[in-house]
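Notebook open, structure loaded. I want to jot down what I look up as I go.

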Amino acid sequence: MGAIGDWLLGKLKWLLVIAAIGGPVSAFIGRQDVDRVNTVLAKGVDGEATIVSAVRKKGRKSGTSYYVNLAWKDASGGARTAEDVRVSNKMAGILFRNDRIVVDRVKIKYLADQPEKDGLVLTDDAKEEIELDRFMMYGGAIAGLVGLLGCAFVFGLFGKLRAKPNEALAGGPRTGDGPA
């Protein structure tokens, strides 16, 4: 293999190691969020929140993300808030037009005993959130599996794929240069 092939193989090894580690981490995070959303939907209290403000964040490579700050009154009349609640692009298309908030109230479900955004779900956006988290969960699991299998193949962890010493050299005649 030439210098370019060795360089590519080195990069591939690192990519496989990152996939083997990062894939399961991504799957775990996706699973945790799916469980969180399902718990809030099952046990949460229905409510209606006012969008206090919104932020659009543009990443260099990650695209555009939308976040809202919400305020509402809980069942006992106490004021509650949640900041930086992520909104899907589909929901953002409904809530915002030309950098303006056009829908100022949203349906929510929240857990009374959990503060802020961890115990909050936008009811109309829950399906999109679960789909994104499931994609993260399954995609992470697949990336982790590909990473593990690829590492096993590339690093030669399978017994049959390991390089065998050259038997012709090992059993060849000795020269007088070394100890007998």
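Which residues is Gly147 in contact with, leaving aside its neighbours within four places in sequence? I looked it up: Leu16, Ala19 and Ala20, where contact means heavy atoms within 4.5 Å.

Before going on, the ground rules. I am working with a predicted model, in which local features need pLDDT of at least 70 and side-chain atom pairs count only at pLDDT 80 or more, while totals for chains, interfaces and linings use all residues. Residues are numbered from 1 along each chain as its sequence is written, and side-chain values use heavy atoms, with hydrogens and water left out.

**Entry: overall layout**

I got 4 helices and 7 strands for the protein. Helices here are DSSP runs of H or I with at least four residues, strands are runs of E with at least two, and both are numbered from the N terminus. Read along the sequence, the pattern is α-β-β-β-α-β-β-β-β-α-α. Of the 180 residues, 28% count as buried; that word means under 20% relative accessible area, exposed means over 50%, and partly exposed is in between (1.4 Å probe, protein chains only). I also checked contacts with a separation of 6 or more: residues 24 or more positions apart account for 61% of them.

**Entry: H1 against H3**

Back to Gly147, which I found in helix H3. Gly147 is buried, at a relative accessible area of 0%. Its C-alpha atom is separated by 9.1 Å from that of Gly22, 125 residues apart along the chain.

Then I looked at Met137, also placed in helix H3. Met137 is buried too, with a relative accessible area of 11%. Not counting residues up to four places away in sequence, Met137 touches Ala27, Gly30 and Arg31. C-alpha to C-alpha, Met137 and Gly23 are 8.6 Å apart, with their positions 114 residues apart in sequence.

Next I pulled the helix axes. Those of H1 (residues 3–43) and H3 (residues 126–154) come within 6 Å and cross at roughly 150°. The axes are lines fitted to C-alpha atoms, for helices over the stretch in contact, and angles run from 0 to 180 degrees between N-to-C directions. So H1 is roughly antiparallel to H3, a label for angles over 145 degrees (under 35 is roughly parallel, 65 to 115 roughly perpendicular, the rest oblique). I noted the crossing as left-handed, which is the case if the near helix is turned anticlockwise from the far one by less than a right angle.

What do the residues of the contact of H1 with H3 divide into? I have 22 nonpolar, 8 polar and 7 charged. Nonpolar covers Ala, Val, Leu, Ile, Met, Phe, Trp, Tyr, Cys and Pro; charged covers Asp, Glu, Lys and Arg; the others, Gly among them, are polar.

**Entry: the cores**

How many residues does the largest nonpolar core have? There are 17, and those with the most contacts inside the core are Leu70, Trp72, Val106, Ile108 and Leu120. A nonpolar core is a set of buried Ala, Val, Leu, Ile, Met, Phe, Trp, Tyr and Cys residues joined through side-chain atoms within 4.5 Å. At least two residues of this core come from each of E1 (45–59), E2 (63–73), E3 (79–87), H2 (89–95), E6 (105–110) and E7 (120–122). Apart from it lies another core of 6 residues, among them Val37, Leu111, Ala126 and Ile130.

I listed the partners of Leu120, again not counting residues up to four places away: Arg36, Val40, Leu70, Trp72, Ala82, Val85, Ile108, Lys109 and Tyr110.

**Entry: Ser88 and Thr64**

Ser88 lies in the loop between E3 and H2. Buried or exposed, with a relative accessible area of 13%? Ser88 is buried. Outside its neighbours within four places in sequence, Ser88 is in contact with Asp125 and Glu128. Its C-alpha is 9.0 Å from that of Leu132, 44 residues apart along the chain.

Thr64 lies in strand E2 and is partly exposed at 25%. The C-alpha atoms of Thr64 and Ser88 are separated by 9.9 Å.

**Entry: positive phi**

I flagged Asp84, in strand E3, for a positive phi of about 55° although it is not a glycine. Asn98, in the loop between E4 (96–97) and E5 (100–101), has a positive phi of about 50° and is not a glycine either. Asp84 is partly exposed at 31%, whereas Asn98 is exposed at 77%.
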